[in-house]
Structures are given as C-alpha cells and as structure tokens.
Amino acid sequence: MTKTTTILIGVLLLLVMNNNVEAQQQCYSPSNVAYYARNSKVYLNDVALDIKGVAWFGFEGPGWTIEGLGSASADSIMDFLKANGINAIRMPFSADMVIQDRRPTGYINYQLNPDLQGLTSVQVMGVLIDKAAARGILILPDMHRFDPNNANVPLWYSIGCITNANGVCYDYTETVTTNMWIKLVNTFKNKWNVIGMDLINEPHEYNSTTNGATWGLGLSSDWNSAAIRISNAVYQQTGWTRGLTFVEGIGDMPQTDFCESRNYGHWWGGNLEQAKCAPLTGPDQTRYVYSPHIYGPSVFNQPYFTRSDYPANLRQIWQSDFGYIPGILNQPVVIGEWGGPVSGVNAVWQEAFINYLIETNIRDTFYWALNPPYDANNADTTGVLQGDWRTGNQPVLNELHRVQPSPSSITSSSSQVCVTSYANAPIVQITNVNGVAATATVTNSQTVAGSPIAVGPLRVFNNTASSYRLLPSGQFENLITGLEAGINNGMGSGSSVILLPKDNSNPNQKFAYNTATRQIVLGTSANNQALVWDLRGASTAVGTPIIVWTPNGGSNQQFNLVPVSYWVGRPVSGIRYYIINRSNSLSLDIGNENFNPNAAVGLYTRKQRYNTANQNFIFTNAGEIQVATYPNLVLDAKIDGSNQVILYSRNGGQNQQWRYNRTTEQIINQYSGAALDFNPNNNNLIVSTSNLNSATQHWYFLAFSSEF
C-alpha cells in the first residue's frame, strides 16, 4: 500500500472512529437560498443535494389541472411524498396555460381542496409550490407542451401555428417560449424551493427529411445553443439568481461525423453524446444541469434490447449517452425521466439501470411518475401512487429507495431553510485483511431484509455490493441495496450480519470502527469490545457468513475501510474507453497494432471509432486495464526498475492492477503506488512518482460509442 493511500485511509478512519461521521446540515434565510451546479452535483448554497424526485403531471393536459386533486387533497399527497423521502417534484405544464392565464377545467374536489377554489392554473401551481416548501420539497417546473392538445413538438418553437382552445392559431416562436418563461419565473422567483426550469420536454427528430433538434453543429436547430440563449434571457430579464437550467438531450441526430455518435437508438431527450464535444458553455457554468430521459422496452423496443449480450450491452450505451458527463465535464447529471413496470419485459432493464446508477453514483433522478397509470394492465410506465391517490405502490417505492436511500432532508419555516445531506458522507469498501470483501448477498432488485452479508471477492471496480456509506450514528448503508448492516434484535454472539431496513433508532444497526484493532464493533463506541465483525470459522471462502463474535484478536476480525474516493466520474468496469491524456489530448495507443506481450504502449491522436482496436481499453473488476479486443492482454508496469508500462499477458499481479483517483485524475499502479505517465521523448508509457501535479499524469476516459 502506498504512503499516499495510507494517509488517506488514516484520515478517514479517524473520522469513522467513535462515529464522528456527521451529516452536513446548514440553515439559511429563505431569501438567501440559491442553487448551483458544480463538482458534478447540484448544491443548495454550500450543501450538495441527494435528489429523490418524481414527476407529478396534469397541468400540461387539456384540463389545465394537476391530476389527483379530485381524489385526494394536495396536503395528503404532499404528506405522502415527505413520508417517503421524496424531496423534489418535476411539474409539467403547457405554455398555453401560462400565456393565456387558463383556469382549471379538470376535476378538483374543492371540499378536499377548498384553498384552490376560484384560482387560475398558475395560482394553483403557486399554492402547490408553497405546500411543497412547507415540507421541504423542491419544485422543478417543466414546459412539457406548447398546447395541451399538441404533444411531442420536437423543437423549442412550433413548426407553424397551433390552434388553441380559443380557436386561435398560435405561433410559438423562440421569443414566445422565452417570454413565457420570463412570465412564469417573475411569478415564482421569490419562492425558495423552485430549484430551476426544465426548458422544454424531449427535443428530438421529427421526420425522415428534416433533422429536428441537433447539438453542436452550428445550425439554427442546435438545442445546446438555444438552451443557453433562452436561459440567459430569462436570467437577465427577471434578475433571477437562485434557479438552475435543466437541459435535456436530443433524440437521434443523423450527422454521425460529429463527435462520433451513433445515429439511432436514442430516447427523445436522452441523447447527450455530442456534449462531450460541444458542452453547455454559458456565462455562468454553475447554472446548467444535464437531464436526460431514459426508458426501457415497455416504452419502445430499441434495437439493442434484442441483442444477445442484453442487458450487459446497456452500460456502454448509457456511459456514451450521458454517463461520461460528471467525469469529463464535471457537471451534474439529474435523470429527468425514467421508470416503467417493475415486472415483465421491463424488469431486466430496470434492474440493470438501477445498478448502473448506483455504480456511477448518478443517483439524482425524477421518476415518471407519481401519477398512477390510467390502465394498470396496459401501461408503459407506472406510478408511485396507486389508483386511489392515497396508497403507495410498494415495489416502485422499493426501487426508488435503492436508487436514493438517503435523500437530503430539508425543513423550512418563515425564517429559515435547513438542509441535512449525506451526499459527502464517506463511502468505503469493507475488506478483511486476508484479502476478501464483506459483500451484500444480492439476488435482484427486490433483495429483502434478512439477506446475509458474506465473504465475496475483492474487486477494484464494480464493488457496490461490498461498499457502504457511513451514515451518522453508525449505520453502514450498503450501496447496491440501500439497506443497512445489522443483526436481529435479541441475538448475540454468533449472529449473522444481515441487511435490514433503515432504522436510525435500532442499536443493532449501529457500528463503530476501532482504528487500533481494525475491528468493526457493534454499538456506538469503538471502545465497546462486546461483539465485533468476524469471518465465521476464520474462513475466506466466498459465501462464508459475516457474524458478530467476541473479540479474539484474529485476522478474521480485522477489516479495512478502504475509501471509494474516486466514486463520481470514475471509469466503469466493463465499458470500452479511450484513455486520454489531459496535457495533449492524445489517446493511449498500441503502436503498429502490435498485440503481443512485451509490446510498447504509447500515445497517439485519437482515431475514428471504426478503426480503434488499438485504442480501446476496458477496466476490469480486478482493476486491470485490458485491451478490449484481446482480453488476455493488459497494461503491465515492469518491476525491473525501468518504469516502463507494456502489454503483457494477464497474470493477476498487482503490477497489472490500477486505481483511478477522480480528484487528481491519476491512474495509480497498485504494486508501486506510482502514477501512469509518459516519456516526452517518445510518448511511451511509464510510471512515475515525481511531478505528481504534472498535467502529463492527468487522464480522462471517453466512452466508445458503439453501433448496434
């Protein structure tokens, strides 16, 4: 272990010992609340947010009324959201509703909602925003349609006029769209919980002869440029300083010569491939959030859903479409829409998507939708609420909990807004000193309480099952399941450590780490030596249960808490990448395509995707950098003192294992602790312990965009 890593672990362990791991809580005056996009996260002032959001639709429809208010009170629905940790609502509406000052014609039960009587639709929205604020719930207005009866307009302006409910053919130009947003923002800009604006729903292509929405081509149809223009105009005209701009992707873009993106298989609003070449570059980069829409086969049977390697092939697609953004652009990604039935044809897709979000820590999402489907037996999406608008859909709530088990908690009063967030809580992999990991036994997305934590293989990547978030008061929250480690009440020595539902009050779900003995101790004090984690029978065989036992000083009771400090923006196992040096934008390259052991590896201009066998690499779970098309060849740091990095047959040695530090952008060799570098005389790879701040040691990973 290198000196740098030892120091890092030591600092973390000092924080963990005696449970000195605190949630970050800050309080602000409501007038001083503002939102920022930085460090790959959304912030409320200085606090990084973990967003657990849903869409609540209806205002965009012909009744100009949010759905559900005929069956339940707005207060009861808001209380349901709060009770289930949902802290944000994406609220679709139509431009017509705002421009024409429409009044609700959809059904509202005014006995249940007397405070909505006689209000315009925008005023109803304002009451809902206030009710959400009282419960610490954020609101994201979403311009979902121009007119209630004209869905799926592909651009931020209409193609010709649209006849509205008054019989008037109304032309929605970019100026009209911008002025609509100015009007709405001026109405709500003093409400602290309006987090931003989702400018338009799902820009996309619209026929075979016209491109529709594009990105980065320098055309009038470029959505990235329009989003900057519209948002800048809104900010300038309203003086709104607190809100963010959520920018969705586009659909398919026929131009494949730009940014090497594929030209089919994207969801409307889901294609952000081109942003790696043409990122959003407004005057204030802290304003912009990338917000793709991603669905499964219940919505549309994309060609890659029928591939023989499905669902494993999806990770490459998602990484190329949006997953690269936190690591390369350092901007946040908030999934604007996702969902679907949790069973049937969609179940495999949803399991893969949730696991991907957890592994990449892209866990801020808005689920579609809160609303129950009109026909539960024939629906492409499903609801968080059941048809009575009172009862939760538990399988969906379980899925949301897995994606975001510890959402930020916000409370408010007339004088202050307080936010408690675990976004910066330490994430660690729990490993035994004998070289195995304490791994959650995960069967599928419905993993239930009582599932054991047992011995698993030690992995450098894809280690979410053996990684835990250290929460206040000593809870160890497993990343892949969202459940917490603990033992059953009333059980003693010999009890299995299992996964349990979150319970801040249960002493059997609280642990402390003793840095001197490396023991994980049951209880809130590291000095309490009653029961500690133990590999049953001192076995390191995969599947051996982790139990609690009286301390005996054995190595089977000694664990390391290894920081997962590279979590956001790190490379993802199993995905093909170009590995690019920051100092010169050159890509790792196997010279002359010499795919043989002992071949040199250097740097070369990045090639087009159709001729890249010698520039495509995969990070394996073991931390190897593998040649994508020759899986037995990996990068090998020679141990003969030459510092050379070559191709060599994989042998499991630590000199063939690497870690990526997202903060420093360094690729660190496990054997030597040296950083990947290159010789400026010939561009061949080396490892180096000098010039640790040199740009030559900074690398990023560009996902390969596949054809399907």
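**Exercise 1. Place Ser121 in the model and decide whether it is buried or exposed.**

Solution. Start with accessibility: Ser121 has a relative accessible area of 0% and is therefore buried. Here buried means under 20% relative accessible area, exposed means over 50%, and partly exposed lies in between (1.4 Å probe, protein chains only).

This is a predicted model, in which local features need pLDDT of at least 70, side-chain atom pairs count only at pLDDT 80 or more, and totals for chains, interfaces and linings use all residues. Residues are numbered from 1 along each chain as its sequence is written, and side-chain values use heavy atoms, with hydrogens and water left out.

Next, the element: Ser121 belongs to helix H4 (residues 121-134). Helices (H or I, at least four residues) and strands (E, at least two) are DSSP runs, numbered from the N terminus.

Last, the contacts, meaning heavy atoms within 4.5 Å. With neighbours within four places in sequence left aside, Ser121 is in contact with Phe59, Trp64, Met97, Arg102, Arg103 and Pro104.

**Exercise 2. Find the disulfides of the whole structure and describe each one.**

Solution. A disulfide is a pair of cysteine sulfur atoms within 2.5 Å. Searching the whole structure gives two disulfides.

Step one is the pair Cys27 and Cys418, with sulfur atoms 2.0 Å apart. This pair links distant parts of the chain: Cys27 lies in strand S1 (residues 24-28) and Cys418 in strand S15 (residues 417-421), 391 residues apart. The link of Cys27 and Cys418 is right-handed, with 110 degrees about the S-S bond. Cys27 has a relative accessible area of 38%, so it is partly exposed. Cys418 counts as buried because its relative accessibility is 8%.

Step two is the pair Cys161 and Cys169, whose sulfur atoms are 1.8 Å apart. Their link is also right-handed, at 85 degrees about the S-S bond. Cys161 counts as partly exposed because its relative accessibility is 41%. Cys169, at a relative accessible area of 40%, is partly exposed.

**Exercise 3. Describe the surroundings of Ile590.**

Solution. First locate the residue: Ile590 is in strand S29 (residues 587-590). Its relative accessible area is 0%, so Ile590 is buried.

Then list the contacts. Not counting residues up to four places away in sequence, Ile590 touches Phe595, Ala600, Asn614, Phe617, Val627 and Leu647.

Finally, take a distance. Ile590 and Asn651 are 61 residues apart along the chain, and their C-alpha atoms are separated by 20 Å.
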